[in-house]
Amino acid sequence: MEKADKRSSILEAASKLFAELGYEGASTRQIAKEAGANMAMINYYFGSKEGVFVEMMNNRIQGFKDELNSISKDRLTGMEKLLKVVDGYANRILCNHTFHKMMHRELSLSQRPEMFITIKNAMAENLLVIQHIIEDGIEDGSFRKVDVKMLIATVMGTISYVAISPSKITSGTTLDINNKDDRKIISDRLIIHLKELITIYLTPQQ
């Protein structure tokens, strides 16, 4: 139990520091201090800062995968499943928007290709679950035929866009994504927009 708690503390501290300082800006020494651990513990549990980052990302990806698999197995219509996915993913990303912004920046770099290929491959597995939900809906006639991958890119891209550049959709207002109450308003606005878009786009023409 103590080992699990210490691992969790290190991962939680790393998540906070990576979000604030970026991958390069956060050192293992800072992570150890934030977690109340020591350098030897980080080396023992994770091997390196890269090992901390990869495990942290894998945990996040696995958490979303578990949620997706649960939704996929629910006795819901294809539309209900897809809207539930959008709700869950949008809230996940916007609640951790600073971390998502850092991750997006790091994944766009080519400095650590092996590490990020591993992460991208794991993320791709989650997209396949979403793809299957849409394809099943098309097959049973509840969705009209569409370019599935383009639809996924549209939904995921919109969520990422709001998380990375919130000012693009909050300009002219006093909303601040760093404020909890304002973030809830922004999240609700995003989710409503995407649900309407998906419903209109996928509903078969009469």
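**View 1. Aromatic pairs, with Tyr23 and Phe53 up close.** The count of aromatic pairs comes to six, where rings of Phe, Tyr and Trp (its six-membered ring) pair if their centres lie within 6.5 Å, and planes under 30 degrees apart count as stacked, over 60 as edge-to-face and the rest as tilted. This is a predicted model, so local features need pLDDT of at least 70 and side-chain atom pairs count only at pLDDT 80 or more, while totals for chains, interfaces and linings use all residues. Side-chain values use heavy atoms, with hydrogens and water left out, and residues are numbered from 1 along each chain as its sequence is written. Tyr23 and Phe53 meet edge-to-face, 5.3 Å centre to centre with 85° between the planes. Tyr23 belongs to helix α1 (residues 2–25) and Phe53 to helix α4 (residues 49–73), so this pair ties together parts 30 residues apart in sequence; helices here are DSSP runs (H or I, at least four residues), numbered from the N terminus. Both Tyr23 and Phe53 are buried, meaning under 20% relative accessible area, with exposed over 50% and partly exposed in between (1.4 Å probe, protein chains only).

**View 2. Tyr44 against Tyr45.** These two rings also pair edge-to-face, at 5.2 Å centre to centre and 65° between the planes. Tyr44 is exposed at 59% relative accessible area, whereas Tyr45 is buried at 18%.

**View 3. The Phe18, Tyr23 and Phe53 cluster.** Ring pairs link Phe18, Tyr23 and Phe53 together.

**View 4. Arginines over ring faces.** Arg60 lies over the face of Phe99, 3.9 Å from the ring centre. Arg144 does likewise over Tyr201, at 4.6 Å. The rule: NZ of Lys or CZ of Arg within 6 Å of the ring centre and within 35 degrees of the ring normal.

Technical notes
Helices (H or I, at least four residues) and strands (E, at least two) are DSSP runs, numbered from the N terminus.
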